[in-house]
Amino acid sequence: MNEELINTLVDQVVTKINEERGFLVEASGRHVHLSQDHIDRLFGEGYQLTIDKYLSQPGQYASKERLTIMGSKGALHNVVILGPARKASQVEVSGTDALALGVKVPVRESGDIEGTPGVVLINGSKTIALEKGLIIAKRHVHVAAKDAVKMNVVQGEIVKVRINSEQRSLIFDDVVIRVSDKFATAMHIDYDEANACSFKKGTRGYIVK
């Protein structure tokens with residue numbers, strides 16, 4: 001067996017290992033999650049969100065409905081609502097968005113909204129002033145339960161993730177692992193983080209132990 005063939009086989013093996021250990025990275029823009037009560041108040045009693053496209057996480061979708069979110073210094077328009085309805089409303093923005101709104105926004109895991117600032121949601125003449133729920137989402141990896149053992153991770157673990165890109169490869173620290181049999185394995189970062197690593201569709205991440 002010649003050296004060139006050996007090197008080719010080694011490259012193929014390494015590529016296969018990386019594919020199995022790696023996972024898709026997705027950039028998540030600003031968006032709103034609404035409770036059914038708040039959907040009713042903004043769009044009408046019994047209103048159901050209109051599915052525009054399904055997302056990578058099972059059962060999750062982007063709706064056709066849009067809102068304006070208003071802070072103390074500015075507003076963000078045409079903000080997508082993600083469905084289905086949740087128990088509590090939550091607005092996720094990037095650090096750059098927070099500056100535009102004029103609000104000091106904490107980094108939190110999704111659902112951890114106690115002590116967070118509020119924001120005003122606007123749909124035409126209808127408004128809701130949230131008392132809490134505005135966050136910058138902590139970067140995280142959704143891990144399907146079947147993949148957790150293979151990836152050697154557990155629920156709530158904090159890891160580092162290496163992002164390989166053509167221009168700005170980097171390692172993200174302080175990434176939380178979220179494990180569930182309802183998840184599809186994928187990492188979620190916001191647009192500020194996506195810009196930092198020159199994200200493009202198909203970018204993959206790798207846990208650094």
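## A buried strand, a barrel and a short helix

In this predicted model, strand β11 is covered on both faces: His140, His142 and Ala144 are buried on one side, and Val141 and Val143 are buried on the other. That accounts for five of the five residues of β11 (residues 140-144), so the strand is largely enclosed by the rest of the structure.

### Who sits beside β11

Let's look at the strands that pair with β11. Five bridges connect β11 to strand β13 (residues 170-180), and these two strands run parallel. Within that pairing, His140 has Val176 of β13 as its bridge partner. Another pairing, with strand β14 (residues 186-190), is made by three bridges and runs antiparallel. Here His142 is matched with Ala186 in β14.

Strand β13 has a further pairing, with strand β12 (residues 158-163): five bridges join them, and they run antiparallel. In that pairing Ile158 stands opposite Val176 of β13. Val176 is thus a handy residue to find on screen, as it is the bridge partner of His140 and also lies opposite Ile158.

The table gathers these pairings.

| Strand pair | Bridges | Direction | One residue pair |
|---|---|---|---|
| β11 and β13 | five bridges | parallel | His140 and Val176 |
| β11 and β14 | three bridges | antiparallel | His142 and Ala186 |
| β12 and β13 | five bridges | antiparallel | Ile158 and Val176 |

### The barrel they belong to

How many strands close into the barrel, and in what order? Six strands do so, in the order β1-β14-β11-β13-β12-β15, with mixed pairing. From one strand to the next, the twist averages 40 degrees. If you trace the barrel by eye, you will find β11 placed between β14 and β13 in that order.

### Helix α2 and His38

Now for a helix. His38 lies in helix α2 (residues 36-43). Is His38 buried or exposed? Its relative accessibility is 14%, and because the cut-off for buried is under 20%, His38 counts as buried. Beyond its neighbours within four places in sequence, His38 contacts Ser89, Ile128 and Leu130.

His38 has company: the buried residues of α2 are His38, Ile39, Asp40, Leu42 and Phe43. An α-helix has 3.6 residues a turn, so residues three or four places apart point the same way. What covers the buried residues of α2 includes the strands β2 (31-35), β4 (61-70), β5 (75-86), β8 (120-123) and β9 (126-129). Just after α2 comes Gly44, which takes a positive phi of about 125 degrees.

Key: Residues are numbered from 1 along each chain as its sequence is written. This is a predicted model: local features need pLDDT of at least 70, side-chain atom pairs count only at pLDDT 80 or more; totals for chains, interfaces and linings use all residues. Side-chain values use heavy atoms; hydrogens and water are left out. Buried means under 20% relative accessible area, exposed over 50%, partly exposed in between (1.4 Å probe, protein chains only). Helices (H or I, at least four residues) and strands (E, at least two) are DSSP runs, numbered from the N terminus. Two strands pair if DSSP finds at least two bridges between them. Contact means heavy atoms within 4.5 Å. Axes are lines fitted to C-alpha atoms, for helices over the stretch in contact, and angles run from 0 to 180 degrees between N-to-C directions.
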